[in-house]
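Here is a model to work through by question and answer. Keep the structure open as you read.

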Amino acid sequence: QLFEYTTFEDQGHSARVPDGYQKIPTHMVYDVKHDGRHKARMVAGGHRTETPVDSVYSGVVSLTGVRLITFLAEHNQLELWGTDIGNAYLESYTKEKVCFTAGPEFGDLHGHLMIIKKALYGLKSSGARWHDRLFDSLTDMGFTPSRMDPDIWMRAQEDHYEYIACYVDDLMIASRNPQGIIDSLESAPNNYKLKGTGPIKFHLGCDFFRDEDGILCVGPRKYIERMVQQYEVMFGAKPRGYSSPLMPNDHPELDTSPLLNDDGIHQYQSLIGSLQWTISLGRFDIATAVMTMSEYRTAPREGHLERVKRICGFLSKMRHGFIRIRTGE
C-alpha cells in the first residue's frame, strides 16, 4: 500500500542526501485491533526533525459533538452511518523535506535513498496535512464546518441538515441518503478507500444498537469488556461485582493503610486512566467516584487501590448500562 500511494521517491542506491533534506530513521509498529485484526504501520522518526514553522495542529470532533450528532440524527429521522478512510495520511502530501535509507525489508530497493513524499505517520505535520486534505474534500462537496465544533460538518438539504463528524479518519455520517455521501467520497476527485461502511455499530469506543423498544442506545460495552480483561491480567482474577461504585459515606481521605509500591502506583494510575476514558464514552454514573479517587494518583494507598478495584467491579457488573437517545418529547 505504501507503493500504491506513491509514498516515496526513489533516488537510487547509496545516493547523496539532496540539499535541504534531512535523513531520518523509520520503523514498523504492529498492533492487534479490538476485534482481533492485525495491523502494521510504517512510522517515520519525526522526533528527529525540527518543528515546522506553520501549524501542525489537527483537530478532532469532541465526544460531546458525537453525542449531539447522534441525538440530531435520531430526532430528525436521519440514518446514522460510520466509515473509516483507509491509509488516510497517505492521501496527502508532506511539506517536510525528509528521506531515509531503505532496509532489507524493501527487497530490491535495499540501500536506496527514499524521499518521503506523502504525509507518513510519525512526521510532525502529517496530521495537519491530512486535515487540510479532508477540509478541501468536504468543502468541494458543499459541507461547511459548524460554529459549535469545526470538525462537525453540515450541508443544508430541503428540510434538514446532513452532518459529518470527523475524528481523524473515522467519519460519523447523519443523513437521509448516507450512500450518496459515501459515493462522493469514493469517486473522483476524492477516490478515498473506505472500509467499515454502513449503519453505525461501533464508533470511537462506543457500541450503537437499538433495544427491544427500538430506542437507540450508545455505550462502551466492548471497552468495559477489554478493561475487565486487562484487570484479570493485572490482578490474576476477575473483579468482584458491586452494585455501587463506592461505599456510602466513604472517606478515602482518612485512609491510613500502607502506601503502594511503584508497581501498585502504576496499577492505580492505569486503572484511573481507563476509568476516566469510560466516563468520556458516556458512563457518567462513575464520574464522582473516579474524580474522588483521582486525587490520590501521586501517592495512593492500598485502601485507595481497593476502592478503584471496586469501581471496576461495579462497571463489570453493570457493563450493560447505556445512554438511551429518547426523542419522543
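**Loops, helices and core**

Pro 189 sits in the loop between α3 and β12 (194–199).

Q: Which peptide bond is cis, and what is its omega?
A: This is a predicted model. Look at Pro 189, in the loop between α3 and β12. The bond that leads into Pro 189 from Ala 188 is cis, with omega near 5°.

Q: What is the mean pLDDT of the protein chain?
A: By element, confidence is lowest in strand β13 (residues 202–203), at a mean of 89, and highest in strand β9 (residues 152–156), at 96. Across the chain, 98% of residues reach 70 or more. The mean for the protein chain is 91.

Q: How many helices and strands are there in the protein chain?
A: The C-alpha atoms fill a box of roughly 70 × 60 × 35 Å along the principal axes. Of the 329 residues, 46% are buried. The count for the protein chain is seven helices and 16 strands.

Q: Among contacts between residues at least 6 apart in sequence, what percentage join residues at least 24 apart?
A: The set here leaves out pairs under 6 apart in sequence. Within that set, the share joining residues at least 24 apart is 71%.

Q: At what angle do the axes of α5 and α7 cross?
A: Helix α5 covers residues 262–280 and helix α7 covers residues 302–317. α5 passes α7 in a left-handed crossing. Their axes come within 10 Å and cross at roughly 35°.

Q: Which residues of α7 meet α5?
A: On the α5 side, the contact uses Gln 267, Tyr 268, Leu 271, Ile 272, Leu 275 and Thr 278. By class, the contact has nine nonpolar, three polar and one charged residues. The α7 residues are His 304, Leu 305, Val 308, Lys 309, Ile 311, Cys 312 and Leu 315.

Q: Is His 304 buried or exposed?
A: His 304 lies in helix α7. Beyond four places in sequence, His 304 touches Pro 252, Asp 255, Tyr 268, Met 293 and Tyr 296. Its relative accessible area is 3%, under the 20% cut-off, so His 304 is buried.

Q: Which residues have the most contacts inside the largest nonpolar core?
A: Nonpolar side chains tend to be buried together in soluble globular proteins. The largest such core here has 23 residues. α4 (221–235), α5, α6 (287–294) and α7 each supply at least two of them. Those with the most contacts inside the core are Tyr 268, Leu 275, Ile 286, Met 293, Val 308 and Ile 311.

Q: Which residues does Ile 286 contact, leaving aside neighbours within four places in sequence?
A: Ile 286 is among the core residues with the most contacts inside the core. Its contacts are Pro 245, Leu 275, Thr 278, Ile 279, Ile 311, Phe 314 and Leu 315.

Q: What separates the C-alpha atoms of Pro 178 and Gly 273?
A: Pro 178 is in helix α3 (residues 178–186). Pro 178 touches Glu 79, Trp 81 and Ile 173, not counting residues up to four places away in sequence. Pro 178 and Gly 273 are 95 residues apart along the chain, and their C-alpha atoms are separated by 35 Å.

Q: What is the phi of Asn 87?
A: Asn 87 is in the loop between β5 (79–85) and β6 (98–101). Its relative accessible area is 14%, so Asn 87 counts as buried under the 20% cut-off. Asn 87 is not a glycine, yet its phi is positive, at about 50°.

Notes
Residues are numbered from 1 along each chain as its sequence is written. This is a predicted model: local features need pLDDT of at least 70, side-chain atom pairs count only at pLDDT 80 or more; totals for chains, interfaces and linings use all residues. Side-chain values use heavy atoms; hydrogens and water are left out. Axes are lines fitted to C-alpha atoms, for helices over the stretch in contact, and angles run from 0 to 180 degrees between N-to-C directions. Helices (H or I, at least four residues) and strands (E, at least two) are DSSP runs, numbered from the N terminus. A crossing is left-handed if the near helix is turned anticlockwise from the far one by less than a right angle, and right-handed if clockwise. Contact means heavy atoms within 4.5 Å. Ala, Val, Leu, Ile, Met, Phe, Trp, Tyr, Cys and Pro count as nonpolar, Asp, Glu, Lys and Arg as charged, and the others, Gly among them, as polar. pLDDT is the predictor's confidence in each residue, from 0 to 100. A nonpolar core is a set of buried Ala, Val, Leu, Ile, Met, Phe, Trp, Tyr and Cys residues joined through side-chain atoms within 4.5 Å. Buried means under 20% relative accessible area, exposed over 50%, partly exposed in between (1.4 Å probe, protein chains only).
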